[in-house]
Amino acid sequence: MKSLSLVILLVSSVLAQEGATVPSGATTSTSSTGSYSCDPNSCQIQNNCHCASDKPPGGLSPSDTPQFVTITFDDSVQDTLSKTAKSLIDVTFVSMEYTDFSLVQQWYAAGNEVADHTFSHVGTPSAQEIAACKSMLTTYGGIPPTKIQGFRAPFLNYTQETLATLSQQHFLYDSSASAVGDDLYWPYTLDHGMANDCWTGICNQVKLPGLWEIPMYSVMNNASVPQLMDVYLSGTPNDVTAWSNAAFDKHYNGNRQPFGIYVHPTHLTSYPGLADPKDMLNGVIDFIHSMGKKQDVWFVTNQQLLQWMKNPVKASELGKQDYMQCNEPVIPKEICNGLDDDHNGSIDDGLVNSCNFGTTSMNTCFNCPSGAPTLNNPTPESTVKNGTAGYRYLVPGNCDSIWWDPIGNTCLCQGTDCPVKSVAKVTAPNGQTGSNGQSGASLLSSDLLFSSILAFLIFFYQYY
């Protein structure tokens with residue numbers, strides 16, 4: 001198995017981090033919208049069109065608007081990194097290198113969002129790079145194709161061509177653009193172009209109807225330099241907490257635009273011979289908890305955020321929405337679906353396939369490929385033939401993988417009346433627990449880390 005230390009050694013400074021610091025040209029406050037122009041009278045949500053705006057959608061007042069927080073994680077999913085991510089929670093953009101696909105399935109089954117970060121984490125990805133990642137997440141991670149809706153560009157190096165590819169491949173959204181000052185927009189569609197990063201010239205280059213942009217919201221450091229990813233690397237934990245609080249308060253006390261924490265779990269994970277990141281990790285956790293104590297703060301996935309954008313409701317009504325429910329499937333036997341169905345303390349107990357390719361390996365609930373996946377062949381023919389003993393069946397389009405038994409080739413439940421139990425835990429700002437949907441409450445995490453409670457989005461890439 002390749003060592004993650006190879007990735008760590010490539011990172012020599014904060015400025016070398018993927019998208020850590022916004023380029024200096026973006027700090028100017030000269031008409032950030034540039035040539036962007038959108039008429040809200042003609043661009044309306046019922047036509048899947050939404051103009052960039054710093055005002056809450058649906059005519060809501062800021063005081064009635066939920067304060068959404070997303071926490072996203074980029075790159076591969078491994079045991080040590082997943083444990084770090086679980087201590088934070090939110091959305092994951094996945095690339096394929098070093099990824100354990102059984103853990104990908106566990107993240108998804110726990111209610112978290114999984115998104116695309118290309119196959120091999122290249123700066124200017126081809127259409128094949130994006131499609132290969134999505135294919136592997138479905139084939140080996142069991143994520144239904146319709147649930148892989150988001151993308152983040154490696155190094156945040158998105159281009160006109162990249163966005164066009166996302167539209168062609170029917171992605172719902174991109175989340176690569178930076179919001180640094182007077183461009184703190186709510187998510188918007190690209191029908192009339194990009195409204196962020198106009199200093200690069202991108203704003204008059206793209207017009208892609210129906211494709212959403214979820215900006216990445218920056219935090220200003222002591223030198224007024226906007227930081228995007230891994231802000232905790234830019235200063236002491238006390239400094240970073242002060243910067244983060246100031247940025248969050250600007251959203252919370254303003255027009256309630258979403259706030260984000262964008263993480264590479266590598267930097268918050270302990271490794272032998274490297275500096276202990278405990279203080280940084282604890283600083284981020286404490287900041288998350290401090291936000292969760294405030295009135296009307298909701299931690300969500302990007303998909304949940306966009307569902308709300310399409311039909312905005314007051315904060316007092318948010319907990320009643322179907323997409324905000326936190327339910328666990330009730331399944332009488334253990335199947336390989338990323339959950340501890342029989343509640344014996346072991347997920348997918350003895351059911352996971354371990355695939356060894358000599359120099360690399362991976363785990364999956366599905367069939368092992370006959371060779372290591374490559375960009376040109378991301379899903380090689382399986383080692384077991386269809387219809388023979390030991391064959392694992394892919395999730396069909398009419399079944400969610402949490403209900404799918406790949407060994408028995410059976411969907412245990414379809415439709416809206418499946419047996420589930422709620423695992424939601426609501427904590428009011430004063431620390432008292434209440435029922436799901438309680439007015440003015442902030443959703444906190446249950447033991448299963450459901451994304452409706454604390455959203456987890458992983459952007460993945462993987463190569464061998």
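**Close-up views of the largest pocket and two helices**

**View 1. The largest pocket encloses about 1,200 Å³ of space.** The model is predicted, with local features requiring pLDDT of at least 70, side-chain atom pairs counted only at pLDDT 80 or more, and totals for chains, interfaces and linings using all residues. Residues are numbered from 1 along each chain as its sequence is written, and side-chain values use heavy atoms, leaving out hydrogens and water. A pocket is an open set of points on a 1 Å grid over the protein atoms alone where a 1.4 Å probe fits, with protein on both sides within 12 Å along at least five of seven lines; lining residues have an atom within 4 Å of a point. The volume is the space filled by probe spheres set on the points, which are joined across faces, edges and corners.

**View 2. Helix α8 (residues 302-310) gives the most to the pocket lining, with five residues.** Helices are DSSP runs (H or I, at least four residues), as are strands (E, at least two), numbered from the N terminus. Seven of the nine residues of α8 are buried, so the helix is largely enclosed by the rest of the structure; buried denotes under 20% relative accessible area, and exposed over 50% (1.4 Å probe, protein chains only). Among these buried residues are Trp-308 and Met-309.

**View 3. Helix α5 (residues 160-168) buries Thr-162, Leu-163, Thr-165 and Leu-166.** Seen down the axis, these residues fall within an arc of 155°, so they line one face of α5; the arc is that of the directions from the helix axis to the C-beta atoms. On the other side, Glu-161 and Gln-168 are exposed. Just after α5, His-170 adopts a positive phi of about 65°.
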